[in-house]
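This report describes selected features of one protein chain. Please consult the sequence and the coordinates alongside the text.

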Amino acid sequence: MTAPDFKFQMYKQLQANIPNIYTEAKKAAEEIGISPEVKGKFGLTGGVSGCPAPLRKDIVEASEKGMKEVVPLSKLVDELREIVKGVYGDEYDVASTSTCEAGLWAVFGSLFTPSIAGVGDTYRARYIAPYEKHWHHQGGYGRPYPARYKDLIADRGTTPGELGFYGKRQNNTDTVVVRLEGAKYDVHGIKYHPSVLLTGVDAMKSTQAVEFHADIHKTMLTGITSLAYETPGYGYAEKDADGTPILQKEYAKIARKYGIPYVQDNAWGCPFIGSDPRKTGADVIIYSMDKAAGAATSGLIIGKEEYMVAVRRSMGMHGDRYGTTSSYGKAAFVGFDPGKEALLTQIQALKVLRDNPKVYTGSVDALEKIVKEEFAKLPAKLQDGIIINKSYNSRAVEVNYEGTWKNGQMGIPIFSIEDMYSGTNIFQSGLGPMGLVPTVAYDGNIYISPDLATTDEEGNLLEYPTRWGVQALVRLIEITCKYAGIL
């Protein structure tokens, strides 16, 4: 293929050759020897909402046992409270939700959005959401400020008139977008959109930028939010001696200075073995428990009691009007109720995370070995600039390749989040013809995790089909680079 002179030419060339790439990818899968019995039934992630992973045997058994018993749901939530308090301390509390997104909505609605009581219009509120990956989740509940970012989530925002993310924007609430120092927001992809490239983030300079904007908006500031992930590809390469991201600790300090909550979105994360709110200083942290934690589809909110009172009240869990320590009644966000079976699986997952974390970390260690072995087979030209890290928080292995674009050279094609939603992210859609459910692979960052038919019922990693899946991804990258004109 012709070597392009400009980025847009590379992506134009890729778009024209998508059928050829898929044809070669399908042939490559046959050469790898992926068994017909597993094609279309396994993947490189246990963490996509649209295709949850099979539940472990102990999770299923705990749910089936509890399903046959008469148990008030408030009792199950109190059991969750006891487990969390036993690990994090008595100042923490919990609330369960149907999904992580429901948890974000309940928390932002309770803590960030202005009240509506009183005569006349409500006041305006603003919360800070640094310009990082997955911004449309933690940043999508307010109107982006300043105006240059109003098209930030173009295909899921107000610009095309789609209700989805317009509908979740909250009353008189703005999101202050702060660029991270050292990050790059270069335009990439067939959809050709700014991509969030974060391996170069400078923690202290970014802290100064966030505090600068916090001071500007202090009369309207109601909160700070960020991801709780801890890998370089998400901007958290700089850590303290305990391995805690410095930038997250600094966000917490800024929040305390202004008397506002610091809320972390940890959708693809695990309690206890992952991001620790006692170390980061987060006031509230929200999980998608069906992703890395392996429970049934549901969300979990953990936070300091001071803030969780409002959140639990909004969920109908805080107590009856006549005075009780807990309840399971009607409230603003009771529609986010996860249900009995999901609560039972959350309890079992937390018990194992607390008592036998190796069930969760062992598969990550085994996966890291396979990923490093298979990516080492890429042509040397493509390997230069790739960073591989494992994350116990997300139970994933991160492959970041934004460094392949260093010194002005064209590297492995980077697909934007807009590519992901428009179906033009070849590193995701191209795995389909190979017989795999894809993983999250955009903005120069790929997260590979176990559980989607790549672990047994005890949670142990299966070398095959795991190795087949990683081999397929590596071959797809190589094929794509050939059609991009860089190989």
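Where does glutamate 458 lie? This residue is found in the loop between β16 (445–448) and α17 (463–484). The model under discussion is predicted.

**Surface charge around glutamate 458**

Glutamate 458 belongs to a surface patch of negative charge, in which it gathers with Glu61, Glu64 and Glu457. Its relative accessible area is 44%, so glutamate 458 counts as partly exposed, because that class covers values between the 20% limit for buried residues and the 50% limit for exposed ones.

**Strand β2 and its partner**

Strand β2 comprises residues 92–97, and 6 of its 6 residues are buried. Tyr92, Val94 and Ser96 point to one side of the strand, while Asp93, Ala95 and Thr97 point to the other, and all are buried. In a regular strand, side chains alternate between the two faces of the sheet. The neighbouring element in the pairing is strand β11 (residues 299–304), which runs antiparallel to β2 and is joined to it by 6 bridges. Within this pairing, aspartate 93 of β2 has glycine 303 of β11 as its bridge partner.

**Salt bridges**

The whole structure contains 30 salt bridges. Three of the pairs are listed below, with the N to O separation and the relative accessibility of each partner.

| Pair | N to O distance | Relative accessibility, acidic partner | Relative accessibility, basic partner |
|---|---|---|---|
| Glutamate 79 – lysine 351 | 3.3 Å | Glutamate 79: 22% | Lysine 351: 29% |
| Glutamate 305 – lysine 85 | 2.6 Å | Glutamate 305: 32% | Lysine 85: 18% |
| Aspartate 276 – arginine 278 | 2.7 Å | Aspartate 276: 10% | Arginine 278: 43% |

Glutamate 79 forms its salt bridge with lysine 351. This pair links distant parts of the chain, since glutamate 79 is in helix α4 (residues 73–88) and lysine 351 is in helix α12 (residues 340–355), 272 residues apart. Glutamate 79 is partly exposed, and lysine 351 is likewise partly exposed.

A salt bridge also connects the side chains of glutamate 305 and lysine 85. Glutamate 305 lies in helix α11 (residues 305–315) and lysine 85 in helix α4, so this contact ties together parts that are 220 residues apart in sequence. Here glutamate 305 is partly exposed, whereas lysine 85 counts as buried.

The side chains of aspartate 276 and arginine 278 form a further salt bridge. Aspartate 276 counts as buried, while arginine 278 counts as partly exposed.

Which residues are linked in a network of salt bridges? The members are Lys369, Glu373, Glu374, Lys377, Glu463 and Arg467.

**Valine 48 and its separation from glutamate 305**

Valine 48 occupies the loop between β1 (42–43) and α3 (57–67). Is this residue buried or exposed? Valine 48 is buried, because its relative accessible area is 19% and the class requires a value under 20%. Valine 48 and glutamate 305 are 257 residues apart along the chain, and their C-alpha atoms are separated by 30 Å.

**Backbone features**

Most residues other than glycine have a negative phi, and most peptide bonds are trans. The following sites depart from those tendencies.

A cis peptide bond joins tyrosine 145 and proline 146, with omega about 0°. Proline 146 is located in the loop between β4 (143–145) and α7 (163–167). Another cis peptide bond joins tyrosine 464 and proline 465, with omega about 20°. Proline 465 is found in helix α17.

Positive phi values occur at two asparagines. Asparagine 172 has phi near 50° although it is a residue other than glycine, and it is found in the loop between α7 and β5 (173–178). Asparagine 407 has a positive phi of about 60° and is not a glycine; its position is in the loop between β13 (396–400) and α15 (417–422). How accessible, then, are these residues? At 16% relative accessibility, asparagine 172 counts as buried. Asparagine 407, by contrast, has a relative accessible area of 75% and is exposed.

How values were computed:
Residues are numbered from 1 along each chain as its sequence is written. This is a predicted model: local features need pLDDT of at least 70, side-chain atom pairs count only at pLDDT 80 or more; totals for chains, interfaces and linings use all residues. Side-chain values use heavy atoms; hydrogens and water are left out. Patches are made of residues with over 30% relative accessible area and no salt bridge: like charges are joined within 9 Å, nonpolar side chains (Val, Leu, Ile, Met, Phe, Trp, Tyr) within 5 Å. Accessible areas come from the Shrake-Rupley method with a 1.4 Å probe; for residues, only the protein chains shown count as cover. A salt bridge is a side-chain nitrogen of Lys or Arg within 4 Å of a carboxyl oxygen of Asp or Glu. Lys and Arg count as positive and Asp and Glu as negative; His and the chain ends are not counted. The place of a charge is taken as NZ of Lys, CZ of Arg, CG of Asp or CD of Glu. Helices (H or I, at least four residues) and strands (E, at least two) are DSSP runs, numbered from the N terminus. Buried means under 20% relative accessible area, exposed over 50%, partly exposed in between (1.4 Å probe, protein chains only). Two strands pair if DSSP finds at least two bridges between them.
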